[in-house]
Amino acid sequence: MKLSIIIPYYRGEQFLRDCLAGIREGGYEDIEVIVCDDDPMDPRGVAFSRNRGLERAHGDFVLFLDSDDFFLPGDISRAMEEAEKNPDAVTVLDLKGTFYCRDAVIEKRVPKTFFELDLPIVQRAVGLMIPIKLISEKRFPERFRYYSELPFMTELLECASFVFTNGVTYYKRIHNDPVNNPSLSQEESPVRIEQFCGLFLEAAGIGRSEGARQLALCAGDFFMKALTNDNSPAGLGRSEHLTRGDVPVIKKALSGLDINVIKEIADREKRKILRALYDGRLGKARGRAKRYLFKKKKKGLFGSKDQWRLAFYRKIALRMSVKKELVFFESFNGDLYGDSPRYIYEYYIENNPAKRRFVWSIKKEGRAAIPGSCGFVKPGTLRYMLALARAGILVSNMRQPSWYVKRKGQFFFETWHGTPLKRLVFDMDEVYTASPGYKKIFYDQSRKWDYLLSGNPYSTDIFEHAFMMPKEKIAQLGYPRNDRLKAAGDPQKTKEELRKKLGLPVDKKIVLYAPTWRDNKFKGSGDYEMKLPFERGFGEKLKDCFFILRLHYFVSGTDGLKDAFGGNAVDMSAYDDINDLYLASDMLVTDYSSVFFDYAILGRPIVFYAYDGDEYAGELRGLYFDMEKYCPGPVVRTQDELAEAINKDTDSYKPYLERYNAMGDFFGGPGDAQASERVVRFIEEQYSTEM
Ligand code: C2G
């Protein structure tokens, strides 16, 4: 038997599948795999599992492999080749971190599927090809849950040479949901510092030369992270802080090291921090860490504009009083004057018994469309910071900036921006959006909301699990943005008036194309690309149609519109209120976007153009239900099917709409057009009583 792979398994079946696939496809047969299944109800810890595995191992080499980590095809075989070059040494495989599943890394589903992970060697037992003769009598200390590698690895460093290779990669999975499924290194625990120090001291008693040196490096890394709260990539780490109470146990742990070993640390800041902690001077250590962090994050000689604005927000704006009468509105991060915040505002300016004042976060060119008297702030400016810090009531349809501080006397009403078809946040397995820390960041931001608006029972149910939002914080009041669609009115007359206002042909069939964004077409923050899915001359297949293109606010670039439709199309992606486009059109073409829940209110034909359905619904994002079963319109995959569907007469869509309407208010929400009124009343009731 050449290789024993020891896998401590605690939970995370989907991770274990990737882990075992890497072994199955590892290209090496002479192995035994020992999975040590820890009892989730009475976990004994990773040290216990690894020790039980060691007791059963028969291979010449041992490889510790965490159940949430994996190898790519053929890499076990390559690891063995490397190991057999130095049979008496420990072969250190290249360690990389990834936020994604094994298939996503193999298929390169996103531009950056992994990153270099700099884990001190004494803190990692994984990704090492260890000759069993070096460790057959060694065991991991089982008394603590964390850091059991320290004594084990220090002992190994003292008795063996280590050969580093970069030809074979061990992928360490960073869990993207540390709220519900933290990895061991992400767990929040009040005993981490104490356990680190306890085992560090034990390891320091073992370390004489290389072990002691590596321990010192590990301590520098550990305390720098603890002092700067920089505990893991993408903000996915835990947030323990050093306190005065920790000083004695830290001092004792570091005293196990020869001070000269600390003095030899190359990194000046880490060396100074350890020296301060060695002397029990936490304040001095903190000061050094702060300067280190400021220098590391500072952009340019005097820091960036954003850093100065943030300093203004934290040091000045947050010290100013909250203006209870001021209501702050923002839609789509200040891009559009639209969505439910618009309709809440417009109800407010007509019905304002509490004499509220208003301020809109909106970019300059969007201000003209805003009626009534209100202030304007441009996102990201000092005035924006002041508005966020001082408004008594905040109404937004997106997540607020992650640096926003919720203050006493502030009331945050989150309207969100649609009834979800695509899986959201904690209901997503993989997160391909730009920030791998999305779930944790989302969780922290959404805890600052006083209430989250829901348009219907279906959304209420989803928001509870997708956002981990307690039911009592979900206000199911209907969608203010739908009031206009639900208000009775002569559809033909409205259509004609809007077409004249928007400069659209009155005598053609107007098709509104409103797709959503694609998570993996990332261009920059909040900017995703989309190649229009229409071939040259596609418009000629449509009978007497005019096409409105309405891209999602995350998407930019409309190449191909003219080629596909010639003069028979217009791009209205920047238009404020999509309701006008709904009301002016005869039919909607969309995909996985939530727009169809709104458009269905009009009872007009809807076609679902799911040209990338398998990728989007399957790997990329996932959907809450089978579109073919519940969507109020046909799902088409090809352009010919789309053209055929668009050319069909309205009556042929009736069965889809009847099936959808049979769901009643489950999807459609309240039948009346008073959601704006209900929301304003709700805000006024809650704000006066709760604040
Ligand atoms: N929207 C738009 N134009 C589009 C697409 C969307 O104006 N081409 C607006 C609609 O009001 C829509 C909202 O943005 O309801 C959300 O857009 P989605 O395409 O559904 O995508 P997303 O922003 O990811 O929101 O609960 C809703 C989900 O969170 C999806």
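The paragraphs below look at the surroundings of the ligand and then at the aromatic rings of this predicted model.

The ligand is a good place to begin. Of the 22 residues around the ligand, the ones that come nearest are Gly418, Thr516, Tyr553, Ser593 and Ser594. When the residues of this shell are sorted by chemical character, 11 are nonpolar, 7 are polar and 4 are charged. The shell also brings together two parts of the chain, since at least three of its residues come from domain 3 (313–483) and at least three from domain 4 (489–668).

Some of the contacts with the ligand can be described atom by atom. On the side-chain side, Lys422 places a polar atom 3.0 Å from an oxygen atom of the ligand. The backbone takes part as well: a polar backbone atom of Pro515 is 2.9 Å from a nitrogen atom of the ligand, and a backbone N or O atom of Arg550 lies 2.7 Å from a nitrogen atom of the ligand. Taken on its own, the ligand has 590 Å² of accessible area, and the protein covers 97% of that area.

The aromatic rings offer a second view of the structure. A pair of aromatic rings is described by the distance of the centres and the angle of the planes. Searching the whole structure in this way gives 67 aromatic pairs. In one of them, Tyr337 and Tyr345 meet edge-to-face, with 6.4 Å from centre to centre and 80 degrees between the planes. Are these two tyrosines buried or exposed? Tyr337 counts as buried because its relative accessible area is 0%, and Tyr345, also at 0% relative accessibility, is buried too.

Another edge-to-face pair is formed by Tyr513 and Phe534, whose ring centres are 5.0 Å apart and whose planes make an angle of 75 degrees. Which parts of the chain does this pair tie together? Tyr513 belongs to strand β15 (residues 509–513), whereas Phe534 sits in the loop between β17 (527–529) and β18 (545–549), and the pair therefore ties together parts that are 21 residues apart in sequence. Tyr513 has a relative accessibility of 0% and so counts as buried, while Phe534, with a relative accessible area of 8%, is buried because its value is under the 20% limit.

Aromatic residues can also be followed beyond single pairs. One aromatic cluster is formed by Tyr458, Phe596, Phe597, Phe608, Phe625, Tyr630, Tyr660, Phe666 and Phe667.

Note on methods: Residues are numbered from 1 along each chain as its sequence is written. This is a predicted model: local features need pLDDT of at least 70, side-chain atom pairs count only at pLDDT 80 or more; totals for chains, interfaces and linings use all residues. Side-chain values use heavy atoms; hydrogens and water are left out. A residue is near a molecule or strand if one of its heavy atoms lies within 4 Å of it. A polar contact is a pair of N or O atoms within 3.5 Å; within protein, one must be able to donate a hydrogen and the other to accept it, and residues adjacent in sequence count only if both atoms are side-chain atoms. Accessible areas come from the Shrake-Rupley method with a 1.4 Å probe; for residues, only the protein chains shown count as cover. Ala, Val, Leu, Ile, Met, Phe, Trp, Tyr, Cys and Pro count as nonpolar, Asp, Glu, Lys and Arg as charged, and the others, Gly among them, as polar. Domain bounds come from an automatic or database domain assignment. Rings of Phe, Tyr and Trp (its six-membered ring) pair if their centres lie within 6.5 Å; planes under 30 degrees apart count as stacked, over 60 as edge-to-face and the rest as tilted. Buried means under 20% relative accessible area, exposed over 50%, partly exposed in between (1.4 Å probe, protein chains only). Helices (H or I, at least four residues) and strands (E, at least two) are DSSP runs, numbered from the N terminus.
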